[in-house]
Amino acid sequence: MIKLFKVKEKQRELAENAGGGPPVKKQSAGELRLHKDISELNLPQSCTIHFPNGKDDLMNFEVSIRPDDGYYLGGTFLFSFQVSPIYPHEAPKVKCKTKVYHPNIDLEGNVCLNILREDWKPVLNINTVIYGLYHLFTEPNYEDPLNHDAAAVLRENPRLFESNVRRAMS
């Protein structure tokens with residue numbers, strides 16, 4: 001019985017590769033879902049996505065966010081995304097590559113966004129994550145900080161926080 005499955009598998013491989021080209025690499029379920037998510041992206045104009053390793057590596061990409069409102073107006077912030085082969089059952093790993101004074105982003109680039117941690121669900125997608133990151137810049141959250149100093153300044157003295165952001169961005 002097992003030999004029959006191996007024969008069928010071999011026949012299927014030969015049929016797929018009959019075109020004479022290189023063998024076709026099968027995509028994981030995560031790659032298929034990510035491809036769907038990327039093809040359906042509906043980003044704000046101030047967000048762009050690019051693939052530094054080329055379109056063949058969908059699992060690693062970068063997103064630039066240019067907030068058009070709030071404390072971070074005029075800045076450009078680059079995030080790297082690493083997507084697991086078991087996506088969407090595991091949230092993508094997101095890092096901020098731009099140094100930023102922000103209550104929800106630490107100096108190593110780690111991002112505190114609930115949907116990247118405990119609130120992740122497989123029904124969420126890349127579009128949701130990018131909108132979540134964008135929202136962090138239009139409305140920083142001092143109640144769930146990674147950078148406790150920035151959160152305390154935002155909570156206690158928003159004017160000083162704005163001044164610190166401007167100084168850090170220049």
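These notebook entries record what I looked up in a predicted model of one protein.

**Entry 1: overall layout**

I began with the secondary structure and found 5 helices and 4 strands in the protein. Reading along the sequence, I noted the order α-α-β-β-β-β-α-α-α. I then turned to burial: of the 170 residues, 40% are buried. For the surface, I recorded an exposed area of about 10500 Å², of which carbon and sulfur atoms supply 54%. I also looked up how far along the chain the contacting residues lie from one another. Among contacts with a separation of 6 or more, 54% join residues 24 or more positions apart.

**Entry 2: Cys112**

I next consulted the UniProt record, an unreviewed entry, which places the feature "active site" at Cys112. Where does Cys112 lie? I located Cys112 in the loop between strand 4, residues 93–96, and helix 3, residues 126–138. Is Cys112 buried or exposed? Its relative accessibility is 6%, and the cut-off for buried is under 20%, so I entered Cys112 as buried. I then listed its contacts, setting aside residues up to four places away in sequence: Asn104, Arg117, Leu136, Asp144 and Leu146. Of these partners, I noted that Leu136 falls within the range 126–138 of helix 3.

**Entry 3: Lys121, in the loop of Cys112**

I stayed with the loop between strand 4 and helix 3, where Lys121 is also placed. The relative accessible area of Lys121 is 45%, and I therefore entered this residue as partly exposed. I also checked Lys121 against Pro88, which is 33 residues away along the chain; their C-alpha atoms are separated by 7.6 Å.

**Entry 4: Gln82 in strand 3**

I found Gln82 in strand 3, which covers residues 77–82. Gln82 has a relative accessibility of 48% and so counts as partly exposed. Which residues does Gln82 contact, leaving aside its neighbours within four places in sequence? I recorded Met59, Asn60, Pro92 and Lys93. The C-alpha atoms of Gln82 and Phe61 are 7.0 Å apart, while the two residues are 21 residues apart along the chain.

**Entry 5: Glu31 in helix 2**

I placed Glu31 in helix 2, residues 29–39. Its relative accessibility is 17%; with buried set at under 20%, I therefore entered Glu31 as buried. I looked for a polar partner of the Glu31 side chain and found the backbone nitrogen of Ser28, which lies 2.8 Å from a polar atom of that side chain.

**Entry 6: helix 5**

I closed with helix 5, residues 158–169, and compared its length with expectation. At 1.5 Å a residue, its 12 residues should span 16 Å, and its end C-alpha atoms are 16 Å apart, so the two values agree. Which residues of helix 5 are buried? I listed Phe161, Asn164 and Val165. These residues cover an arc of only 100° around the axis, and therefore they sit on the same side of helix 5. The general rule I kept in mind is that an α-helix has 3.6 residues a turn, so residues three or four places apart point the same way. I then asked what the buried residues of helix 5 pack against, and found helix 4, residues 148–156. On the face of helix 5 turned away from the buried side, I noted the exposed residues Arg159 and Arg167.

Methods: Residues are numbered from 1 along each chain as its sequence is written. This is a predicted model: local features need pLDDT of at least 70, side-chain atom pairs count only at pLDDT 80 or more; totals for chains, interfaces and linings use all residues. Side-chain values use heavy atoms; hydrogens and water are left out. UniProt positions are given in the numbering used here, feature names are shortened, and annotations may be inferred rather than shown by experiment. Helices (H or I, at least four residues) and strands (E, at least two) are DSSP runs, numbered from the N terminus. Buried means under 20% relative accessible area, exposed over 50%, partly exposed in between (1.4 Å probe, protein chains only). Contact means heavy atoms within 4.5 Å. The expected span of a helix is 1.5 Å times one less than its number of residues. The arc is that of the directions from the helix axis to the C-beta atoms. A polar contact is a pair of N or O atoms within 3.5 Å; within protein, one must be able to donate a hydrogen and the other to accept it, and residues adjacent in sequence count only if both atoms are side-chain atoms. Accessible areas come from the Shrake-Rupley method with a 1.4 Å probe; for residues, only the protein chains shown count as cover.
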